[in-house]
Amino acid sequence: MKTRLKELRARDGLNQTELAKRTKVSRQTISLIEREELMPSLLIAMRLSHIFDEPIDNIFIFKEEDLV
């Protein structure tokens, strides 16, 4: 899974701490997601989608092998 989280965060002028507060997770969680070391839960993905006003599949890009 690839993520555009860092790009979207920069677009909206948010640092990891601010995004973590809005998402109700730790800054470390945001960092892990950005480094593609953690796949977010559906609830976190929905919160991020709402914060960035982007569909989930515009934030997280799945490879074919991720889906099978």
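Asp12 is partly exposed in this predicted model, with a relative accessible area of 35%. Its side chain meets that of Arg11 in a salt bridge, with a nitrogen-to-oxygen distance of 2.8 Å. Arg11 is also partly exposed, at 45% relative accessibility.

Arg11 takes part in a further salt bridge, with the side chain of Glu54, at 2.9 Å from N to O. Arg11 belongs to helix α1, which covers residues 5–11, whereas Glu54 sits in the loop between α4 (42–52) and α5 (56–59), so this pair ties together parts that lie 43 residues apart in sequence. Glu54 has a relative accessible area of 17% and is buried, because the cut-off for a buried residue is under 20%. Arg11, Asp12 and Glu54 are thus joined in a network of salt bridges.

A salt bridge is also formed by the side chains of Glu7 and Arg4, with 2.8 Å between N and O. Glu7 is partly exposed, with a relative accessibility of 47%. Arg4 counts as partly exposed as well, at 23%; this value is not under 20%, so Arg4 does not meet the cut-off for a buried residue. The count of salt bridges in the model comes to six, including Glu7 with Arg4, Arg11 with Asp12 and Arg11 with Glu54.

The packing of helix α2 against α4 was examined next. Two packed helices are described by the angle between their axes and by the distance between those axes. Helix α2 spans residues 16–23, and it packs with α4 at an angle of about 115 degrees, the axes being 10 Å apart. The two helices α2 and α4 are therefore roughly perpendicular to each other, a class that takes in angles of 65 to 115 degrees. The crossing of α2 and α4 is right-handed.

On the α2 side, the contact is made by Leu19, Arg22 and Thr23, which meet Ile44, Arg47, Leu48, Ile51 and Phe52 of α4. By residue class, this contact of α2 with α4 consists of five nonpolar residues, one polar residue and two charged residues. The nonpolar residues are Leu19 from α2 together with Ile44, Leu48, Ile51 and Phe52 from α4. Thr23 in α2 is the polar residue, and the charged residues are Arg22 in α2 and Arg47 in α4.

Key: Residues are numbered from 1 along each chain as its sequence is written. This is a predicted model: local features need pLDDT of at least 70, side-chain atom pairs count only at pLDDT 80 or more; totals for chains, interfaces and linings use all residues. Side-chain values use heavy atoms; hydrogens and water are left out. A salt bridge is a side-chain nitrogen of Lys or Arg within 4 Å of a carboxyl oxygen of Asp or Glu. Buried means under 20% relative accessible area, exposed over 50%, partly exposed in between (1.4 Å probe, protein chains only). Helices (H or I, at least four residues) and strands (E, at least two) are DSSP runs, numbered from the N terminus. Axes are lines fitted to C-alpha atoms, for helices over the stretch in contact, and angles run from 0 to 180 degrees between N-to-C directions. Angles under 35 degrees count as roughly parallel, over 145 as roughly antiparallel, 65 to 115 as roughly perpendicular and the rest as oblique. A crossing is left-handed if the near helix is turned anticlockwise from the far one by less than a right angle, and right-handed if clockwise. Contact means heavy atoms within 4.5 Å.
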